[in-house]
Amino acid sequence: DDGYRLWLKFDKVASASRYAPYAASISSEFSSTPILETARKELTHGLKGLTGVAPANLPKNGSIQFVLDAKIPAEGFEIQVDQKAKISVEGASIVGRKYIRIKASTDRGILYGVFELLRTIQQEKPLADISSSPKVKFRMLNHWDNVMGTIERGYAGQSLWKWYELPETVDPRYTDYARANASIGINAVSVNNVNASARFMTPEYLTKVKALADVFRPYGIKLFLSVNFASPKILGRLKTSDPLDPEVRAWWQAKAKEVYRHIPDFGGFIVKANSEGEPGPQEFGRTHADGANMLAEAVQPFNGIVIWRAFVYAPNPKGDRFKEAYTDFKPLDGTFAKNVIVQVKNGPIDFQPREPFHPLFGAMPKTPLALEFQITQEYTGFSTNIFYQSILFKECLDSDTYQNGKGSTVAKVIDGSLGNDQITMMAGVANTGSDRNWTGHLMSQANWYAFGRLAWNQTLSSEQIADEWVKQTLTRDSTAAKTAADILMKSRDTYVKFTTPLGLHHVMGQGIHWGPEPWLERSQRPDWTSIYYHRADTLGLGFDRKATGSNALSLYHPEVAKQWNDPAKTDLNYLLWFHHVGWKEKLSTGQTLWDEFCFRYNTGLKEVEALQRDWDSLQGKVDPEIFADVKGRLAAQQRESVLWRDANLLYFQTYSKMPISYGTPTRTLAEIKEIVRIYQLK
Ligand code: BDP
């Protein structure tokens, strides 16, 4: 098994006879649409694989019936299982009245109901009534793919989109990609990098992008594009891209019209502006709202939306990057057009293995906010580390912002229920690429899966999602499945321990975000170094963000700030995010900071070895090709964990001046610095 089929294997299940009676036939009350035909095709294909019975199409009274029910929310569905009637099966014909109804108000609802049913059967779970509808409207993947086929922060090969072949050649893989997304409820995709080439707005690229939109549409997926804010200058040869300039506005309006001529149901624009060198409205003395509203006006006649990213920070050696997005965006609350949503990363810095939730959540009650996660593992081990993101996603979603009092979780901010938002969205930076198994590390498929499932329903638990994914992807043997799911469940904490324990953050290599470089002290910008964040000195370690320091804590609701204000009461996982702690200070564990620091790195290493043993125990229980591949990657993870431990303990020891109390580094600091330097040679 090369992993290509993801969680959609649909091989015959051992208890096929339990489900076979239902697989006899399909009937539908819906008039035919492309999405409905997809649903029928997927159900037929899935049932045939899972049960061995190929369903017939009947005009009515099928053993599976698509039923129209206007009361069900758009995209939602209900499954009703009639288990009362006795039944006997002869070939594909069905005697009796055993049937399943999939009810929905739209063809999309039917499609999602179909995948829910197939998911249930593939896990060999009992069929049961269920009612489900998505909590956010746009469940979106952001691809960071470039015109030349590379991917920014992609670790699974090249881009899936073969721009040079498109539009004449349409790779069937695009369809497989779309069905994988539809199977977990993803309904929106932006196909290009947020560091956007203006070329995507040209007729040349619009015809290519249109070909993708045509593939995605029957799977219920809307296409979006990232745009370069300077396009009027770059493509239109205008003198300015000032959002208040009438010519600039007219240029965008004409461009939007052109895009919609190609793709009538185009979703809208996503914009990274005035961030990391990208152009934006601030160059002209305008605000982010001025920029967003200009684009919103251009797409509004076509029901398009603008997704404006809040990932902004200016190089400021005295400031605290933690506060910058807040400083720029909070004053703009309530000034964005109705079809704008502001997209905020889960944490205030940048997709670290653990971050406190972004202080903008809970602080912009008059603006719809989208939550952006990074599924691709830029800071979480590339494609050599197991890092089950669901744990990180849930930690953020369940964080309480106190926006409207206790219980105002990030999940509620983004599902719109606190402010009655019309546009709601959860986005994830995609981890897919041209690798045969889509995600490089096979276990990273679980992150794509978990993102979709949580975007649909933020209340699902990480355990449930892990269990579902394992049973569909790796094994249904219950002991083996438990072991595999446990590996996922433990992986996040283990990774944090051997890379950035106790709230340490942003100490990765300048050019190797999978590896350590805590000594990094010079870069193009101060906030791209490591010392900016760890603030180590002979006294202690960590970034003081309370009133005595940068005061970033004051951006949170007082109830939130309270949890992190006092170092003695701060959850140790966030300690160094908010406090500069003395090396010899005793922590709640009874150990000094330094000893606890050494202890966690060393524990992280031991845990990686335990993950290796756990995986080894699955030999013979999972496919041999998958077994060998993951085993190899775990060995690489083990090697990388030693590098992280050695680098951080030896480097920070130059400040603490205390003996390493747990574990013994295998090299000197000078040797490690040299290894890391060589790793970063071009
Ligand atoms: C950072 C990445 C950079 C992205 C940026 C972003 O290193 O490549 O362009 O995020 O989100 O984490 O715009």
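Helices and strands are taken here as DSSP runs, a helix having at least four residues and a strand at least two, numbered from the N terminus. The exercises below treat a predicted model.

**Exercise 1. Describe the two regions that UniProt annotates, and give the helix and strand content of each.**

Step 1. The UniProt record, an unreviewed entry, places "domain: Glycosyl hydrolase family 67 catalytic" at residues 123–438, and it lists residues 439–663 for "domain: Glycosyl hydrolase family 67 C-terminal".

Step 2. Over residues 123–438 the chain is 25% helix and 14% strand, with the end C-alpha atoms 22 Å apart.

Step 3. Over residues 439–663 the chain is 53% helix and 2% strand, and here the end C-alpha atoms are separated by 33 Å.

**Exercise 2. Work out the strand order of the open sheet of six strands, and explain why one side of E2 and of E8 has no neighbour in the sheet.**

Step 1. The order reads E2-E1-E3-E7-E4-E8, and the pairing is mixed.

Step 2. Strand E2 (56–57) and strand E8 (130–132) lie at the edges and have a single partner strand each, so one side of each remains without a neighbour in the sheet.

Step 3. Within the sheet, strand E3 (residues 64–68) pairs with strand E7 (residues 99–104) in the parallel sense, over five bridges; in this pair, Gln65 stands opposite Arg101 in E7.

**Exercise 3. Locate the domains of the assignment, and characterise the side of domain 1 that touches domain 2.**

Step 1. The domain assignment gives domain 1 (16–132), domain 2 (138–473) and domain 3, which is made up of two segments (496–543 + 580–679).

Step 2. The centres of domain 1 and domain 2, taken over C-alpha atoms, are 33 Å apart, and the contact takes 12 residues from domain 1 and 11 residues from domain 2.

Step 3. On the domain 1 side, the elements that give two or more residues are helix H2 (34–51) and helix H3 (107–122), of which H3 gives the most, with six residues.

Step 4. By character, the residues on this side of domain 1 divide into five nonpolar, three polar and four charged.

**Exercise 4. Identify the residues that surround the ligand, and sort the shell by residue character.**

Step 1. A residue is counted as near the ligand if its C-beta atom, placed from the backbone, lies within 6 Å of it.

Step 2. The ligand is surrounded by Glu152, Arg153, Val194, Asn195, Lys272, Glu276, Phe311, Asp350, Phe351 and Glu378.

Step 3. Sorting this shell gives three nonpolar residues, one polar residue and six charged residues.

Methods. Residues are numbered from 1 along each chain as its sequence is written. This is a predicted model: local features need pLDDT of at least 70, side-chain atom pairs count only at pLDDT 80 or more; totals for chains, interfaces and linings use all residues. Ala, Val, Leu, Ile, Met, Phe, Trp, Tyr, Cys and Pro count as nonpolar, Asp, Glu, Lys and Arg as charged, and the others, Gly among them, as polar. UniProt positions are given in the numbering used here, feature names are shortened, and annotations may be inferred rather than shown by experiment. Two strands pair if DSSP finds at least two bridges between them. Domain bounds come from an automatic or database domain assignment. Two residues are in contact if their C-beta atoms, placed from the backbone, lie within 7 Å.
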